[in-house]
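Please open the structure in a viewer and keep the selection panel at hand. The tour proceeds by selections, each followed by a description of what is found there.

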Amino acid sequence: MSIKIFNTLTRKKEIFKPLKNNKVNIFVCGVTEYDYVHLGHARTYSFYDTMIRFMKYMDYKVTYLQNITDVGHLVNNSNEDKVEKKAKEEKKTPKKIVKYYLKNHLENFDKIKLLRPDIMEKATNNINEIIEQIKIILKNNYGYISNGSVYFDVSKFKKYGKLSNKVIEELKSGTRIKENLEKDDPHDFALWIKAKKNHLQKWKSPWSIGYPGWHIEDTAIAMKHFGKQYDIHGGAIELSFPHHEAEIAQAETITGKNNYVKYWVHTGILTIENEKMSKSTGNFIKLSDCLKENKPEVLRLWIASTHYRKPLNYNKKEIYDAKKKIEKLKNLFENIKSVKKTNKKENKKFKNEINKIKNKFIKSMENDFNTPLALTYLFEMISFTNKHIIESKGNCSKNELNIAEENIKKLCDFFQIIPKGKSKINNEIKKMINLREKFRKEKNWKKADEIRNKLNLEGIILEDTKNGVKWKKY
Ligand SMILES: [Zn+2]
């Protein structure tokens, strides 16, 4: 048994082999703390949560590291620092801004049951590490100083573009106009930025009083904990260029080693009603707002229903489907609780079938974390158990039910979708019962039986009595 991961760097699915035994070091780019966390964040970090839970299940010793960006992340096409800008707008200190949004971030991530990273590090607590790295880059002749700021010279790093598959010449010809006169080339990126007089967060350095660039923060924090090379770097796909490309350039010119990170993993974009989520157009949803309308387990199930590399779409239909599935899960757990149990030993065939389905689930997860396929096996196990309860006419072996329940809970655990609260027979089921009645009146027995069987898989039993159809749940 081994995990296969799609590596953005090689554009291939590769067999996962950690650098050292079964130890896995994972760094995932953290949040910039200047605004509320949104659904895009929920998508990205939920996937890494599932991935890490699965790796632990597969007996890997995982260390999960995340940075907290509290300085140096500039607003697109401007030299304004995101945290700094917010602080000035709200007339607060940058520290206060970061504290407030970090609290919101952690509270909401706790609600959707994301494992907290083993280590979380603020960039502002790593200024010395950052300055040391910049010194090495300059010493190795990959950077230059311009008017107190320090830039990385991308033309000297021949592999620049290897992750995102961009060629420097191509990059250059597209953008001849210099966006910033202090840089030799528009694609050179800032390692250190000289602070303007009214800038709030600034530190002394050999070059100027200033603050670090965004990309070097991650390299400094990751190398402090993981050393020159590590196993997995995660993040959303839109970070692959220039952010991750810059991280590779920095790290590999500092260490002189190739393959700073062995596996680069990227999650796909989030769309809302099929349009790309974007703050600038107002097409974005805060996680806290979404949680007012939807249970955390519904969101986690919706996220896992799409493969992590594909675009994930948010709309009413997708959320409705996830809600229905959570109801199905609730029904099953209630059925197991309420059914009469016997002390019969478990039936081998039953146990084997549960194991067979579980193995298919694990295989799907091993194959580049195919969560949508894995979920179909989880629901196959649920239907199989419901059917078994019904077929044994309400007298099930306690052992069998324990086996089913334990396995189903274990599989739910990867996505944190074990539901809370009582199930409601939803309108959908009532509609199906009415439709079956209609078919019976028309003597369309085949269609009527099809519906009965479908309902059985949901754990609903129909009884035809003189006074009409009655239903019950196990
Ligand atoms: Zn990052």
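Begin with the small stretches 270-272, 275-276 and 312-314, bearing in mind that the model is predicted. Three strands form an open sheet here, ordered β13-β12-β14, and their pairing is mixed. β13 (275-276) and β14 (312-314) are the edge strands; each has a single partner strand, so one side of each lacks a neighbour in the sheet. Now restrict the view to β12 (residues 270-272) and β14, which pair in the parallel sense over three bridges. Within this pairing, Thr271 faces Asn313 of β14.

Next, move to the sheet of five strands, which is also open and has the order β5-β4-β3-β10-β11 with parallel pairing. Select 119-122 for β5 and 261-267 for β11 to see the edge strands, each of which pairs on one side only. From one strand to the next, the twist averages 20 degrees. Then select β3 (residues 23-28) together with β10 (residues 230-236): these two strands pair in the parallel sense over three bridges. Val28 is the residue opposite Gly234 of β10.

With the sheet still displayed, add residues 214-226. This is helix α6, which lies across β3, β4 (61-68), β5 and β10. Relative to β4, helix α6 runs at about 150 degrees.

The next selection is a pair of helices, α2 (residues 82-90) and α3 (residues 94-111). How do their axes cross? They come within 8 Å of each other and cross at roughly 100 degrees, which means that α2 is roughly perpendicular to α3. Show side chains for Val83, Glu84, Lys86, Ala87 and Glu90 of α2, and for Pro94, Ile97 and Val98 of α3; these residues make the contact. By class, the contact of α2 with α3 has five nonpolar and three charged residues, with no polar ones.

Proceed to a second helix pair by selecting α11 (residues 348-366) and α12 (residues 371-391). Their axes come within 7 Å and cross at roughly 165 degrees; α11 is therefore roughly antiparallel to α12. The crossing of α11 past α12 is left-handed. To display the contact, select Phe350, Glu353, Ile354, Ile357, Lys360, Phe361, Ser364 and Met365 in α11, which meet Leu373, Ala374, Tyr377, Leu378, Glu380, Met381, Phe384 and His388 in α12. The residues of this contact divide into 11 nonpolar, two polar and three charged.

Finally, colour the chain by domain. The domain assignment gives domain 1 as 4-288, domain 2 as 294-413 and domain 3 as 427-473. Between domain 2 and domain 3, the C-alpha centres lie 23 Å apart. Their contact takes 11 residues from domain 2 and seven residues from domain 3. Which helices supply at least two residues each to the side of domain 2 that touches domain 3? They are α10 (316-338) and α12. The largest share of that side, six residues, comes from α10. The residues of the side of domain 2 that touches domain 3 comprise three nonpolar, four polar and four charged. Keeping α12 selected links the last two stops: α12 meets α11 through residues that include Leu373 and Phe384, and α12 also contributes to the side of domain 2 that touches domain 3.

Key: Residues are numbered from 1 along each chain as its sequence is written. This is a predicted model: local features need pLDDT of at least 70, side-chain atom pairs count only at pLDDT 80 or more; totals for chains, interfaces and linings use all residues. Axes are lines fitted to C-alpha atoms, for helices over the stretch in contact, and angles run from 0 to 180 degrees between N-to-C directions. Helices (H or I, at least four residues) and strands (E, at least two) are DSSP runs, numbered from the N terminus. Angles under 35 degrees count as roughly parallel, over 145 as roughly antiparallel, 65 to 115 as roughly perpendicular and the rest as oblique. A crossing is left-handed if the near helix is turned anticlockwise from the far one by less than a right angle, and right-handed if clockwise. Ala, Val, Leu, Ile, Met, Phe, Trp, Tyr, Cys and Pro count as nonpolar, Asp, Glu, Lys and Arg as charged, and the others, Gly among them, as polar. Two strands pair if DSSP finds at least two bridges between them. Domain bounds come from an automatic or database domain assignment.
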